[in-house]
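User: Hey, got a minute to walk through this one with me? I'd like the quick tour.

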Amino acid sequence: MLDDSQLRQLLDNLNSAVVVLDGCLRLRYLNAAAEDLLAASRVRVFGLPLESLVRESDEAVQALREALIQGEKYTVRRARWHLHNQEARTVDYSVSPLVELGVLLVEVQPMDRLLRIAREDALISAQETTRNLVRGMAHEVKNPLGGIRGAAQLLGRELPDPGLVEYTQIIIDEADRLRNLVDHLLGPNRPVHRQATNVHEVLERVAHLVEAECGGELAIRRDYDPSIPEVPADREQLIQALLNIGRNAMEAIGDSIGLAAGELVLRTRVQRRITIGKRCWPLICCIEIEDNGPGIAEEIRERIFYPMISGRAKGSGLGLSIAQNIINQHAGLIKCDSDPGRSVFQVCLPLDMELLTRQLDTLPG
């Protein structure tokens, strides 16, 4: 038989969080995973009410009490727990009443990471589908456009009336405009040239370009982690991707609260063990561009990285799509978190040189 210390060691090595509550819903035990999930030490919270650590709803508390009285197990999916430190967690949990002991055993599975990975997988898949669709459409559109343009040029040379030539020139100009639109949809048309790149030097370049475009009216604040090493990236294309995000933020601020009241924050951090697609990277360079603009409308929030989707009347809807395409070619991903008054675009770039080199060798360009 296992003694108490061995049982605790077993529970502490579980990935699932385990919480034990007494009949008054006071905390009697947390394993190590539960301590991490609830951001609390079992010694300090022993005997405290569960609601002092986590809050779900009055109905959830009543369900716990009834489970102990009736001796019935139950499971809750996708519950939203609000923690004592103002953070929130999405969890699945199962409640098992141990009536003979007078306690409730609560097994908790945090779902935030799994849900994030699922959302990112869906985003990457949808973007790949969109890119393939756009490539096919570009081929079908550009071929007849070339024929239309050539025919208009030949017709213009044959027309005797100079006034009629004006109409053929309109055809040529519109054909060129459509061709340029298709080229923008396809994104950068040169191969990616990767080299060791200082992300802070790239951000400073972006900051100077944004400052020049807004005449210095917009406040730009830096919050850099100087320990971040260089990343293998195409410097010019990385500048283009970050500039597209920064320019979008600047224009959104200008259209809403005015540039003088706006602020752009450029932030860099390192994160560990982050999954992008189906690969878990040991180290990730996270570049964040935060603004205090109006936020992204909820109805387009899930689609802002698709071509031709824009929250601004004058927007082309191409900037974020091109930026995401560039970062995808670097085995990275752009994520967005937006609320009224605050939007954060997070650009994730892998930092593991050896793994990244092998991964990039399999990507086009």
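Analyst: Sure. One cut-off before we start: a residue counts as exposed when its relative accessible area is over 50%, and as buried when that is under 20%. Also keep in mind that this is a predicted model.

User: Okay, so where does Tyr167 fall, buried or exposed?

Analyst: Tyr167 has 54% relative accessibility, so it counts as exposed. You'll find Tyr167 in helix α6, which covers residues 162–186.

User: Which residues make a nonpolar surface patch with Tyr167?

Analyst: Leu164 and Ile170 join Tyr167 there, and the patch comes to about 300 Å².

User: Let's back up. How many helices and strands does the protein have?

Analyst: There are 10 helices and 13 strands.

User: And what share of the residues counts as buried?

Analyst: 41% of the 365 residues do. As for the surface, the protein exposes about 19900 Å², with carbon and sulfur atoms supplying 53% of that.

User: What about contacts between residues distant in sequence?

Analyst: Take the contacts with a separation of 6 or more: 61% of them come from residues 24 or more positions apart.

User: Switching to helix α9. Why call it largely enclosed?

Analyst: Because 10 of its 10 residues, 319–328, are buried, the rest of the structure largely encloses helix α9. Polar names are on that buried list too, including Ser321, Gln324, Asn325 and Asn328.

User: How do the axes of α8 and α9 cross?

Analyst: Helix α8 is residues 235–256, and its axis comes within 9 Å of the α9 axis, crossing at roughly 150°. The crossing is left-handed.

User: Which residues make that contact?

Analyst: On the α8 side, Gln237, Leu238, Gln240, Ala241, Asn244, Ile245 and Asn248. From α9, the contact uses Gly319, Leu320, Ile322, Ala323, Ile326 and Ile327. Those α9 residues are on the buried list as well.

User: Last topic: where is Asp339?

Analyst: Asp339 sits in strand β12, residues 333–339. With 39% relative accessibility, Asp339 counts as partly exposed.

User: What is Asp339 in contact with, apart from its sequence neighbours?

Analyst: Setting aside neighbours within four places in sequence, Asp339 contacts Pro294 and Gly295.

User: And how many residues separate Asp339 and Asn292 in sequence?

Analyst: They're 47 residues apart in sequence, and 9.4 Å apart in space, going C-alpha to C-alpha.

User: Great, that's what I was after. Thanks!

Terms used
Residues are numbered from 1 along each chain as its sequence is written. This is a predicted model: local features need pLDDT of at least 70, side-chain atom pairs count only at pLDDT 80 or more; totals for chains, interfaces and linings use all residues. Side-chain values use heavy atoms; hydrogens and water are left out. Buried means under 20% relative accessible area, exposed over 50%, partly exposed in between (1.4 Å probe, protein chains only). Helices (H or I, at least four residues) and strands (E, at least two) are DSSP runs, numbered from the N terminus. Patches are made of residues with over 30% relative accessible area and no salt bridge: like charges are joined within 9 Å, nonpolar side chains (Val, Leu, Ile, Met, Phe, Trp, Tyr) within 5 Å. Accessible areas come from the Shrake-Rupley method with a 1.4 Å probe; for residues, only the protein chains shown count as cover. A salt bridge is a side-chain nitrogen of Lys or Arg within 4 Å of a carboxyl oxygen of Asp or Glu. Axes are lines fitted to C-alpha atoms, for helices over the stretch in contact, and angles run from 0 to 180 degrees between N-to-C directions. A crossing is left-handed if the near helix is turned anticlockwise from the far one by less than a right angle, and right-handed if clockwise. Contact means heavy atoms within 4.5 Å.
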